[in-house]
Amino acid sequence: MHAALPGQTAASPGLPGMPRLRRPALQLADHLAIRRAFKASRLAVRPLALNIQLPFCANPCFFCNRCRIIAKDRSKANDYLRLLGTEIQTVSKQLDPCQQVRQLRLGGGTPTFFSHRALTQLMQLLQRHFNLSALPDIDASVAIDPREVDWATLDLLRGLGFNRLSIMQPSLDPRVQTAINRLQGDHQLAECLTAARTLRFHSIGIDIMAGLPEQSLHSFRQTLDSILAWRPERIRLTRYHHQPQRYPTQQRINRDSLPCAGDIATAQTWLEHQLRAAGYQRLQAGLFVLPQDPLAMAAEDNNLHRTAAGLSGLSNCDDIGMGLGAISQVSGLAWQNACQLASWQQRVARSQFAAQYQLPTEVD
Ligand code: SF4
């Protein structure tokens, strides 16, 4: 899962039926309450879901509203990794070594911005400080940008225990890609998916977007048709919301190039119809899965839960987010880490919790 900016819940793509982007008066995180929440989790020896944010990207996508750092110099990732190690230590000290990790997510940014060595070191760090003994038999996912991954990297990730890929492919139309500054050819997606299937990743999720500049109904349909041919286990539709005052990179998008609300609604309806016809099940607005996906199986068992960190098939599990802008939900308390790199660095370097804002708790 990608870290959303403060005041915006992670599971809020803004589609009908989904929680809209929330902008409550931001409440500062209460670090004493967080310590108590960790203690309750530790005493109950609750299982954990780890959510690690690796927020670097080589280029800015103009639609992006996430906590991320655009950097050409890849050595910056090493400094980040060093501090992330400190945060991992600080947080793990609050928990019991017996608490078993049942889910692991590497989100971004672009996790594969990090070198093979750095990704391997990160996994070693996590294994040193958390109980990852159930790996590779847990749901372990990594966010993938097809422009930033090759066969060798996917092979490495598979070897490190990852079994699920979450791939961002907003559109396959070159006109749209130019308008959003994300040139990502069909061949890159095809190579990534071919490698992923060959390496036997259990589940592949693809995120597409509606409401992008220069996007027509025709190009939206073509994108979906091409993606459906790969039968990914999950397809998520998110809708672009133009908020250039709030997200400065969106100022690079020409308002006049955006599709009208009617076309976006038609695209959404058409997508839902196509996906249902292709055997997908709608778990929530914008999220469709094939029956073999773990989330579909959890839904079938009546065991689907919404947490501040997203939809989960695990019950009684605490979400531990680490890294810039990461979201946690522990013992019923939810918070988000600082999204400004300097604030996050300062807190982590002092071995403090990086939590900055309290979030509304998502439970059901
Ligand atoms: S790769 Fe993802 S996080 Fe990075 S700028 Fe693009 S959308 Fe944002």
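Biologist: Why is β6 described as largely enclosed by the rest of the structure?

Modeller: Five of the six residues of β6 are buried, so the description applies. A residue is buried if 20 or more other C-beta atoms lie within 10 Å of its own, exposed if 12 or fewer, and partly exposed in between, with C-beta atoms placed from the backbone. Strand names come from DSSP runs numbered from the N terminus (helices are H or I of at least four residues, strands E of at least two). This is a predicted model, in which local features need pLDDT of at least 70, side-chain atom pairs count only at pLDDT 80 or more, and totals for chains, interfaces and linings use all residues. Residues are numbered from 1 along each chain as its sequence is written.

Biologist: What is the mean pLDDT of the chain?

Modeller: The mean is 91, and 92% of the residues reach 70 or more. Over residues 7-22, however, the pLDDT is below 50, although this stretch has 48 contacts in the model beyond near neighbours in sequence. Here pLDDT is the predictor's confidence in each residue, from 0 to 100, and a contact requires C-beta atoms, placed from the backbone, within 7 Å.

Biologist: How do you know that β5 and β6 pair?

Modeller: Two strands pair if DSSP finds at least two bridges between them. β5 and β6 have four bridges, in the parallel sense, so the criterion of at least two is met. One of the partnerships is that of Leu-104 with Ala-140 in β6. Between these strands the chain passes through α3, and the β-α-β crossover is right-handed. That term applies if, with the strands pointing away from the viewer, the path from the first strand over the helix to the second runs clockwise.

Biologist: What pairs with β6 in the parallel sense over four bridges, besides β5?

Modeller: Strand β7 (residues 164-168) does so; there, Ile-167 is the bridge partner of Ile-144. The chain reaches β7 from β6 by way of helix α4 (residues 151-159), again in a right-handed β-α-β crossover.

Biologist: What makes Leu-287 buried?

Modeller: Leu-287 has 23 other C-beta atoms within 10 Å, and is therefore classed as buried. This residue belongs to strand β11 (residues 287-289) and touches Arg-236 and Leu-311, residues up to four places away in sequence not being counted. β11 pairs with β9 in the antiparallel sense over three bridges, and Phe-288 in β11 is the bridge partner of Ile-235. Strand β9 (residues 234-239) is itself mostly covered, with five of its six residues buried.

Biologist: Why is Glu-214 called partly exposed?

Modeller: Its count is 19 C-beta neighbours inside 10 Å, so Glu-214 is partly exposed. Glu-214 lies in the loop between β8 and α7 and has a positive phi of about 65 degrees although it is not a glycine. Such a value deserves remark because most residues other than glycine have a negative phi.

Biologist: What makes Ser-331 partly exposed?

Modeller: Ser-331 has 17 other C-beta atoms within 10 Å, and so is partly exposed. In the hairpin of β15 and β16, with two residues between the strands, Ser-331 takes a positive phi near 50 degrees. Four antiparallel bridges join β15 to β16, and Val-330 has Leu-333 as its bridge partner.

Biologist: Why is β16 said to be largely enclosed?

Modeller: Five of the five residues of β16 are buried, so the strand is largely enclosed by the rest of the structure. Leu-333, Trp-335 and Asn-337 point one way, Ala-334 and Gln-336 the other. Four bridges also join β16 to strand β17 (residues 355-359), in an antiparallel arrangement.

Biologist: How do you know that the bond joining Gly-108 and Gly-109 is cis?

Modeller: Its omega is about 5 degrees. Gly-109 is placed in the loop between β5 (101-107) and α3 (116-129). A second cis bond runs from Leu-135 to Pro-136, with omega near 10 degrees.

Biologist: Which residues are around the ligand?

Modeller: They are Cys-57, Pro-60, Cys-61, Cys-64, Arg-66, Arg-68, Gly-108, Gly-109, Thr-110, Asp-145 and Met-168. A residue counts as near if its C-beta atom, placed from the backbone, lies within 6 Å of the molecule. By class, five are nonpolar, three polar and three charged. Ala, Val, Leu, Ile, Met, Phe, Trp, Tyr, Cys and Pro count as nonpolar, Asp, Glu, Lys and Arg as charged, and the others, Gly among them, as polar.

Technical notes:
Contact = placed C-beta atoms within 7 Å.
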